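Dear colleague,

I am passing on a structure for you to look through at your own pace. Please open it first, and then read the notes that follow.

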Amino acid sequence: DWWSKQGEAAQRVLNVDPAQQIHPRKFYGVFEKFCGDNVIQVAFLQNKARWFARGPTFDMSIMDDMFRDFNVTSPWKYWLVRDIRTHLEALGLSTNLQLTRPKNMIHHNALHDAAYDVWALQQMLHVPTDKLPIEEKYKK
């Protein structure tokens, strides 16, 4: 029901070509190769990579359950999982400073949502410290 109320562009993610679908049992191997082929290879292999999610008690829990169902160890340690919302709120994005989502980013498209979160963090990290919208009580 929720998906039926989303825009057509967001709904397209539900209609994946069967040739591009990955069975959950094969996902971990593909995911591990992706991590090994990219910048986070060393951190991934040493269990030092930080894993960001918008609500880790949802996304990460679902993936943990999937890995458990297929008798595979999750690639992250619980103490290295971070909530992107916490970072954005700590920097003042949610209440004091609003960013406009770039025009071509589709709401509820997982890739676009993840790209937006990274973009938002980058925008916030480039705001000079004295311009961050931090409440006075926290400045002391």
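Which residues make up the largest nonpolar core? Before the reply, please note that this is a predicted model, in which local features need pLDDT of at least 70 and side-chain atom pairs count only at pLDDT 80 or more, while totals for chains, interfaces and linings use all residues. Residues are numbered from 1 along each chain as its sequence is written, and side-chain values use heavy atoms, with hydrogens and water left out.

The largest nonpolar core (a set of buried Ala, Val, Leu, Ile, Met, Phe, Trp, Tyr and Cys residues joined through side-chain atoms within 4.5 Å) has 11 residues in all, namely Tyr 28, Phe 31, Ala 49, Trp 51, Ala 53, Met 60, Met 66, Phe 67, Trp 76, Leu 80 and Val 81. Here buried means under 20% relative accessible area and exposed over 50%, with partly exposed in between, for a 1.4 Å probe and protein chains only. The elements that give two or more residues to this core are α2, β1 and α4, where helices (H or I, at least four residues) and strands (E, at least two) are DSSP runs numbered from the N terminus. Of these elements, α4 gives the most, with 3 residues. A second, separate core of 8 residues includes Ile 84, Tyr 116, Leu 121 and Met 124.

In α6, the residues Tyr 116, Asp 117, Ala 120, Leu 121 and Met 124 are buried. They lie on the same side of α6 because they cover an arc of only 130° around the axis, the arc being that of the directions from the helix axis to the C-beta atoms. On the other side of α6, Leu 111 and Leu 125 are exposed.

With best wishes
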